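Q: Please take a close look at one helix pair in this model and how its two members pack. Then set out the sheet and what lies across it.

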Amino acid sequence: MNEIPKTKSGWRWLRRILLALAILATLIAVFYTEEDWRGRRAWENYKRELEAKGEKLDWQAFVPPAVPDDQNFFTAPIFDKIKNDKIAMSPYGDDGGPDFSSYKDLPKDKIGYMGGEGRAIITDLKLWQDYYRNPTNFHSVEGFVLTNGALIEQTNFLNHANDQFPISPEPQTPAKDVLFALSKFDSAVEELRQTSQRPYANVPLNYEDGFNSASTLLPILAELKRCTQLLQLRAVAELADGQNEKALDDVKLMLYLNNSLRSSPFLICHLVRFAIVAIDMETIWEGLAQHEWSDEQLAALDAELAKIDFLADYGFIMRGERAFAIKSFENQRLTREMISYNGDQVVTNKLTLMPSAFFYQNELAFTQMHEQWILPLVDTNSRTVSPEKLQQANEADQVAMKHYSPYKVQALMLFPGISATVRKFAAIQSSVDLARVACALERYRLAHGNYPESLDALAPQFIAQVPHDIIGGQPLHYRLETNGQFTLYSVGWNEKDDGGKVTLKKGGSIDQQSGDWVWQYPAK
């Protein structure tokens with residue numbers, strides 16, 4: 001190993017190297033200090049500017065207030081049972097449920113549409129009956145069951161089925177057999193219904209973790225969706241069995257599950273709300289398509305649907321998402337760690353050498369983009385959503401992506417996911433509005449024997465006010481068809497009247513970005 005000669009020349013070079021290193025370290029320290037000061041100053045100035053306008057950026061402003069456990073829906077004993085796997089409230093068995101692959105090739109006269117939520121199909125209760133009576137991973141042979149290559153006595157077949165769902169001794173109607181199978185959940189559903197009478201619904205969370213708090217929500221959100229699927233199948237079977245009031249009660253309970261998440265500041269909760277409402281509307285749509293609902297029940301359904309206004313909720317949801325994004329940036333600055341998730345695995349990324357300016361500037365960039373592009377997409381005064389503004393926002397985002405800056409990288413990563421949800425807000429609210437008009441049309445039909453010539457005939461007798469199209473703000477489109485049915489629609493995301501045409505993707509799902517958002521029943 002070569003050593004620096006212990007000469008005056010050698011010491012001179014060593015001193016120069018040490019001096020250079022000291023100068024470099026000083027320059028780096030000055031740079032960090034200057035950048036941190038500039039970043040913090042820019043962020044705090046913008047923050048004060050927004051707060052002076054009445055905007056709330058502090059995450060604590062969006063945390064639901066603490067309420068007594070005995071008054072909170074989410075701290076009821078039923079949720080302890082769900083969390084501890086003592087109850088799995090789902091209509092699906094261990095093998096995943098019936099095979100719906102045949103639904104892909106249904107003829108057009110079996111398919112309808114449910115607004116921005118896409119295709120709707122009358123539930124095949126016979127398929128569900130066969131599933132519950134004959135679990136799909138077993139095959140009976142002459143009094144025995146063939147499973148995994150071995151013959152087992154028939155009694156074992158029945159015992160296995162009963163492990164999941166009860167089976168009536170003799171086949172009944174499809175609706176009765178489905179209800180008999182789902183009767184295993186009757187007491188749990190009733191307990192859930194009673195729990196829904198509690199005055200508050202706040203999911204207990206450690207909100208100080210910022211966005212990471214939302215990860216602890218995932219199990220309960222999954223359970224709420226499964227409960228909704230169970231209630232939807234129950235309600236459809238109840239309608240088919242003539243138990244309309246019970247079906248109405250189950251529809252109301254589903255809508256309560258949606259409302260139970262309304263106070264959450266996390267966007268993921270509201271995406272689950274969209275799913276719950278869409279599942280619920282399938283029941284309403286089926287009852288309307290088959291003329292199952294009475295006038296009184298339709299009025300009750302309209303009253304419940306009128307309470308759903310995702311456009312009114314939009315500002316709170318997006319501001320809550322913004323506040324917790326800021327909180328997450330702050331957590332990263334203090335801990336120098338960025339937490340991400342790869343499936344069920346938690347990944348911690350170290351940011352030890354990152355200057356504080358990185359976090360301050362990303363807070364600033366995200367908040368500026370949010371204020372400029374996200375909040376204006378929904379106009380709550382005119383009750384409209386602007387696809388054009390979203391397109392402009394996405395184009396601005398693409399331009400920003402081409403000019404890379406570490407001070408915007410996290411903000412730009414978050415922006416597309418948040419902006420894309422605006423179309424989902426529009427699609428689900430449009431579907432809710434169309435469902436309300438469809439209920440009014442059915443009430444008119446019950447009173448007059450046919451559907452009206454125009455929507456003007458509905459208000460105020462059958463609906464207080466006909467909602468307008470939230471895309472563009474013009475009246476919804478409506479026409480009578482020659483088969484006695486009607487076509488009701490919004491112009492959809494392309495802002496163009498396509499005459500009630502629905503555009504489907506290759507797999508059969510609706511293309512929300514083209515064509516109209518149509519409410520229509522299968523052709524008779």
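A: Helix 6 passes helix 9 in a left-handed crossing. This is a predicted model. Helix 6 spans residues 186–195 and helix 9 spans residues 244–259. Their axes come within 11 Å and cross at roughly 60°. Helix 6 is therefore oblique to helix 9, since the angle falls outside the 65 to 115 degrees that count as roughly perpendicular. On helix 6, the contact is made by V189, L192 and R193. Helix 9 contributes D249, D250, L253 and L257. By class, this contact has four nonpolar and three charged residues, with no polar ones.

Now the sheet. Five strands form an open sheet, and their order is 2-1-14-11-10. The pairing is antiparallel. Strand 2 (119–121) and strand 10 (477–480) are the edge strands. Each of these two pairs on one side only. From one strand to the next, the twist averages 35°.

At one edge, strand 10 is joined to strand 11 (residues 486–490) by four bridges. The two strands run antiparallel. Within this pair, L480 stands opposite F486 in strand 11.

A helix also meets the sheet. Helix 10 (residues 267–289) lies across strand 1 (111–115), strand 2 and strand 14 (517–520). Relative to strand 1, helix 10 runs at about 130°. One of the strands under this helix, strand 2, is an edge strand.

Key: Residues are numbered from 1 along each chain as its sequence is written. This is a predicted model: local features need pLDDT of at least 70, side-chain atom pairs count only at pLDDT 80 or more; totals for chains, interfaces and linings use all residues. Side-chain values use heavy atoms; hydrogens and water are left out. Two strands pair if DSSP finds at least two bridges between them. Axes are lines fitted to C-alpha atoms, for helices over the stretch in contact, and angles run from 0 to 180 degrees between N-to-C directions. Contact means heavy atoms within 4.5 Å. Angles under 35 degrees count as roughly parallel, over 145 as roughly antiparallel, 65 to 115 as roughly perpendicular and the rest as oblique. A crossing is left-handed if the near helix is turned anticlockwise from the far one by less than a right angle, and right-handed if clockwise. Ala, Val, Leu, Ile, Met, Phe, Trp, Tyr, Cys and Pro count as nonpolar, Asp, Glu, Lys and Arg as charged, and the others, Gly among them, as polar.
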